[in-house]
Amino acid sequence: MTFTRWAPALLCMLTMLCSGCSLIQDPQSYMRKPKLPEDKASLNHVIEQAIPAGASILRPKRSNDPASIYIKDLDNDGNPEAVVFYKTQDAIKGMLWTRSGDTWTLVSEMTGDGYELDSLQFEDLTNDGRLEIVAGYSGGIRLSMGLVIYHLDGGKLTTLYQSPYNEMIIDDLNQDQQKDITLVTMERNVSSKITTFQYNGKDFQPIGSVPLDPYVNGYYNIAAGYVTESIRGLLLDAGVGAHSSTTQLVRFDGGQLVKAFPDNKLPFRSGSALSGDINQDGIMEISIDMAPKGSESEAYAYTPWITEYYRWDGQEGLSKTPLYRRYYDYLNGFYLEIPAEWKDAFGVKRTENTHRFYFTDTDTTIFEWETIPKESWDSGDIQGKVIGRTDKTVTVLHLPSDNSKYADNFHSVTELQREENSDE
């Protein structure tokens, strides 16, 4: 699942919005909803009494869900199960509880190969209407991260599959109406590959594999979704060098897992924006960072990068023109939709605290914003439209009256987070 020095952590918060639209229905939407306990506090109490002294309940690192105890009807029998992981001084443990009446009973335990719970998902990977527990562990002695898939059958929890991995994503990549799991494994500067696995009724078998470039820093974002109106694919954003990044597109073609771009012709950007279905139109885009006119020779840290979004052209390249463009200011909590009619006839001049957008042919100011100490705004010394806030600063837009139509092009980054949560 890569920036300026402050952007990586903030961008990672948005990674999930790039996950695309699943072709097959979420298993939880067609299963009977489990009957939740009337008093969740009783379950919490039972679990707290069961874990060893000094142990702490875990949340997965890669999750926007604030829950640490997950209640699911794993075997689709109408009775809920509860899944919880905790950390001791020596290892990660998991517990599976079942509910009968008002009583929760511990029926099975899991031991993770590592010291952190990297990810936790519940998916029907066996295509039988029941949910598997898909757990990713990290920090083990023998591997950087390890995947374990658990299956509940007849009240017994079994391990269906185990594998090392660096990145993981679940989708229906080959579009056969059965979910599959795709793993990226990488030994930097030595080898790297991406492999898609699917359950065949007995075990998980690879249905496609293709080598990737091992000379990257790592993959900071993997997005699954449609790359055309009818083809699903994965977009893999990889960091290269100090700030730059590339994107590879992987899909199935004729039953084979293939790469859309030759390794020496990957879409490249000087920064590390995210690719995915950013505009929520159902088809994913690949992002490219470009310097606006007049900023081409600026030092990287001072360049006002404009992020452009392109679609795959169905061959080995991108569409000729971007679908849309944005300027992100994550540090101050907002972004700007660049009007299409500007084309390339605009520039940006910035200082430490100000940004001025202008038309390059006339040097006419379109608008300007400045980031000021919060107390200066509270005192009423400065007028303008607030477009961003932090604990210590306020970002104020100064908009000439003849350009007031652009006021609606500014948006809070929390809108992106709301879109992300609406897709979960």
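The exchange below concerns one predicted model and the reasons for some of the terms applied to it.

User: Why is Lys392 called exposed?

Analyst: In this predicted model, Lys392 has a relative accessible area of 67%, and the term exposed applies over 50%, so Lys392 is counted as exposed. Lys392 is found in the loop between strand 26 (385-389) and strand 27 (393-398).

User: What makes Ile372, Pro373 and Lys374 contacts of Lys392?

Analyst: Contact requires heavy atoms within 4.5 Å, and, with neighbours within four places in sequence left aside, Lys392 meets that requirement with Ile372, Pro373 and Lys374. For Lys374, the C-alpha to C-alpha distance from Lys392 is 5.3 Å, although the two are 18 residues apart in sequence.

User: Why is strand 20 described as largely enclosed by the rest of the structure?

Analyst: A residue is buried if its relative accessible area is under 20%, and five of the five residues of strand 20 (residues 306-310) are buried, so the strand is largely enclosed. Ile306, Glu308 and Tyr310 point one way, whereas Thr307 and Tyr309 point the other way, and all are buried. Such alternation between the two faces of the sheet is what side chains show in a regular strand.

User: How do you know that strand 20 pairs with strand 19 and with strand 21?

Analyst: Pairing calls for at least two bridges; strand 19 (residues 286-290) shares five bridges with strand 20 in the antiparallel sense, and three bridges join strand 20 to strand 21 (residues 324-329), again antiparallel. Ile286 stands opposite Tyr310 in strand 20, while Glu308 has Arg325 in strand 21 as its bridge partner.

Methods
Residues numbered from 1 in each chain as written. Predicted model: local features only at pLDDT ≥ 70, side-chain atom pairs only at ≥ 80, totals over all residues. Heavy atoms only, no water. Helix = DSSP H or I, 4+ residues; strand = E, 2+ residues; numbered from the N terminus. Buried < 20%, exposed > 50% of the residue type's maximum accessible area, 1.4 Å probe, protein only.
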